[in-house]
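Work through the exercises below with the structure open beside you. Try each task before reading its solution.

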Amino acid sequence: MPDTDAPLYPRRYGRPVSVIITDNLTKRFPRVTALDRLTVDVQPGVVGLVGANGAGKSTLIKILLGLAPATEGTARVLGLDVATEGAAIRERVGYMPEHDCLPPDVSATEFVVHMARMSGLPPTAARERTADTLRHVGLYEERYRPIGTYSTGMKQRVKLAQALVHDPRLVLLDEPTNGLDPAGRDEMLELIRRVHSDFGISVLVTSHLLGELERTCDHVVVVDGGKLLRSSSTADFTKATALLAVEVTDRQSDPAFDVVGALRERLTGGGLTVTADGGRVLLVEIGSEDTYDLVRDAVADLGVGLVRMEQRRHRIAEVFQDRAADERPDERPDERPEEATSHV
Amino acid sequence: MSDSMPAAARADVIHDIGYRHYDGPRLGRGYATRSLYTLTLRGSFGLGRSIKSKILPMGLLALMCVPALIIVAVAVYLKSGKLPLEYERYLSIMDFVIAVFVASQAPVALSRDLRFMTVPLYFSRPITAGDYVRAKFGAMFSAMFLLTGVPLLIMWIGSLLASMSFSYNLEHFGFGLVAAALYSLLYSSLALVIASATPRRGFGVAGIIMVLLISSAIASIIYFVINRHDINAGFQVHESTAAYWANVISPSGLVDSSVTWMFKLPTSGASGVPSTLGGFVFLAEIAAVSVAAYGLLVRRYRKI
């Protein structure tokens, strides 16, 4: 499992076990620092890159593709140096941009064939791979229609197909679920899962929603303000961040009784970490299965009704508040590094 | 694929083959650049695009060729020993059609990629900004050269059919092709720079038309003003060579007059050079504008 605390150097120049390695990667623009000494080691699999808008995700992708030079530090993709071997990286890597990139007046087939040839596939191979890839992403008869007539979900599939058509060893997917409805999101995430499990292609997928990546990724990297907040396997992550939202009724006999306060006291006493979520809701960090029992017993002891008890995921913002508040209490940059660079 | 699928040899079974990896050749940057060139060149004539996008470029190509056909037909019918028109002259007469073609198609080559943000996608592939510009510039130049060269070819074939002087026509067809190449080079340069500045096709079209046609119009006005002034001053009209300097601001005038001068063709109207030095200045200007345009394009795409 990747471990960002371990020194990277021993494996740096060996067999490229890691698909992406960055070492103190820094990107400064005249007015903002988009990436700040980022050191990560991404293994084969589906890896999520999570961060709010402006956290430096798109900047990182541009550097990994060898399209923008890093100010400091190094990065290797598939064992290739981004500073000197950009062209070789781009031949082996697929990229799905966040923004629209599809001309509306050509069909998906024509477009993907063209992009396959732009990756160096000979004409016949380009056509065959296009037919295969479009089928794999779930586009059938409609692939002969102009892209302008497609739904958002279908367009996202075309974007994914053009990233996969040349059979890359790694795909970089920038916010692939953007603009999709919940059903479309699930389908896209399932597809991304299959890109690794069925196609054997490693995936780096960015999102600003931690929740959706937890389901899809083996490993999650969280960045904020260009800094690495956390890099750990999804299992660790879920354990540490899963929350239980608990809401209780007032005590029938004594409406003035501070139920929330009393409950909080009891749960904290039981060794749980509890935060208030406004009103009558308490957020309890789920340590183990016992957590549920503790909450149930505490509520029963107080003699109040349990309105709801539901698992809740941390939104990415909450992860930031926990960490960022400790490290940089005075600063939450208003600048958006991504906006300076997103018009690629 | 070969050793992992021995069962595929049995032809009577349909397999769900799942995902197949590609281990064939990857042809690299040069091939990708040529693919982009071909796509853009075909696109300039609406090939591989909708019927609607074929109408204008194909119509303009026909418009370029029909007068040439008529000229040839008349010359053959009248059994005149000579085409009524210099090859080079034909292009300067058809200047308007050439300008409309480049104005309508240069934005197709560049603005669409900007507007639909396909450019970053290209650069996530092995090709570089330089390759992109090379492909697009080459394709626009080739499209223009086809548009201007085909009618000249028709005239030349006509001259052969009518058994006109072979050597004279071959030579002057060659002069015509030089003019065609210079028109293609200069017009493509100007048009692509303007088209690369805007993702809006309409702005691109309007900008190019403005630059090409308005500059020619202003040049003509200046030419006639100077000429008139000289006449009033007692000079003869065709001696007033200073007026030819007006061509420096007109793309069509530049090509027309420098080709006329280089090959000592008969001047007509404003198509002269002020002096030998002027001729070299005109040629140098064409070269400088083209090189500068190419450099600007590369710089513009390097930033993306």
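**Exercise 1. Lay out the open sheet of 6 strands in this predicted model: in what order do its strands run?**

Step 1. Read across the sheet. The order is β6-β7-β8-β3-β9-β10 in chain A. The pairing is mixed.

Step 2. Find the edges. They are β6 (93-96) and β10 (227-233) of chain A, and each of these pairs on one side only.

Step 3. Check the twist. Neighbouring strands are turned by 15° against each other on average, with direction ignored.

**Exercise 2. Identify the helices that pack on this sheet. Which strands does each touch?**

Step 1. Take helix α2 of chain A, residues 57-64. It touches β3, β6, β7 (170-173), β8 and β9 (219-224) of chain A. The direction of α2 makes about 150° with that of β8(A).

Step 2. Take helix α7 of chain A, residues 182-197. Its contacts on the sheet are with β3, β7 and β8 of chain A. Here the angle with the direction of β8(A) is about 155°.

**Exercise 3. Trace the pairing of β3(A) with β8(A) and β9(A). Parallel or antiparallel?**

Step 1. Recall the rule. Strands of a sheet pair through backbone hydrogen bonds, either parallel or antiparallel.

Step 2. Start with β8(A), residues 202-207. It runs parallel to β3(A), residues 46-50, and 5 bridges join the two. Two partners can be picked out. A:L49 bridges to A:T206, and A:G48 bridges to A:V205.

Step 3. Turn to β9(A). Its pairing with β3(A) is also in the parallel sense, over 4 bridges. In this pair, A:V47 stands opposite A:H219.

**Exercise 4. Decide how β3(A) sits in the structure: why is it largely enclosed?**

Step 1. Count the buried residues, using the cut-off of under 20% relative accessible area. In β3(A), 5 of the 5 residues are buried, so the strand is largely enclosed by the rest of the structure.

Step 2. Sort the residues by side. In a regular strand the side chains alternate between the two faces of the sheet. One side of β3(A) carries A:V46, A:G48 and A:V50. The other carries A:V47 and A:L49. Both faces are covered.

Step 3. Set this against the whole chain. Of the 344 residues of chain A, 54% count as buried.

**Exercise 5. Compare the linings of the cavities. How many cavities of 30 Å³ or more are there?**

Step 1. Recall the search. Rolling a probe the size of a water molecule over the atoms shows where empty space is left. The structure holds 2 cavities that reach the 30 Å³ threshold.

Step 2. Examine the largest cavity, with about 40 Å³ of space. Its lining is A:I20, A:V40, A:V42, A:L49, A:L60, A:L64, A:L204 and A:V221. β2 (33-42) and α2 of chain A each supply at least two of these residues. By class, the lining has 8 nonpolar, no polar and no charged residues.

Step 3. Examine the second largest cavity, of about 30 Å³. A:E175, A:T177, A:N178, A:R185, A:S207, A:H208, A:L209 and A:E212 line it. This lining divides into 1 nonpolar, 4 polar and 3 charged residues.

Terms used
Residues are numbered from 1 along each chain as its sequence is written. Chains are lettered from A and ligands numbered from 1 in the order in which they are written. This is a predicted model: local features need pLDDT of at least 70, side-chain atom pairs count only at pLDDT 80 or more; totals for chains, interfaces and linings use all residues. Side-chain values use heavy atoms; hydrogens and water are left out. Two strands pair if DSSP finds at least two bridges between them. Axes are lines fitted to C-alpha atoms, for helices over the stretch in contact, and angles run from 0 to 180 degrees between N-to-C directions. Contact means heavy atoms within 4.5 Å. Buried means under 20% relative accessible area, exposed over 50%, partly exposed in between (1.4 Å probe, protein chains only). On a 1 Å grid over the protein atoms alone, a cavity is a set of points where a 1.4 Å probe fits but cannot get out, and a pocket is an open set with protein on both sides within 12 Å along at least five of seven lines; lining residues have an atom within 4 Å of a point. Grid points are joined across faces, edges and corners, and a volume is the space filled by probe spheres set on the points. Ala, Val, Leu, Ile, Met, Phe, Trp, Tyr, Cys and Pro count as nonpolar, Asp, Glu, Lys and Arg as charged, and the others, Gly among them, as polar.
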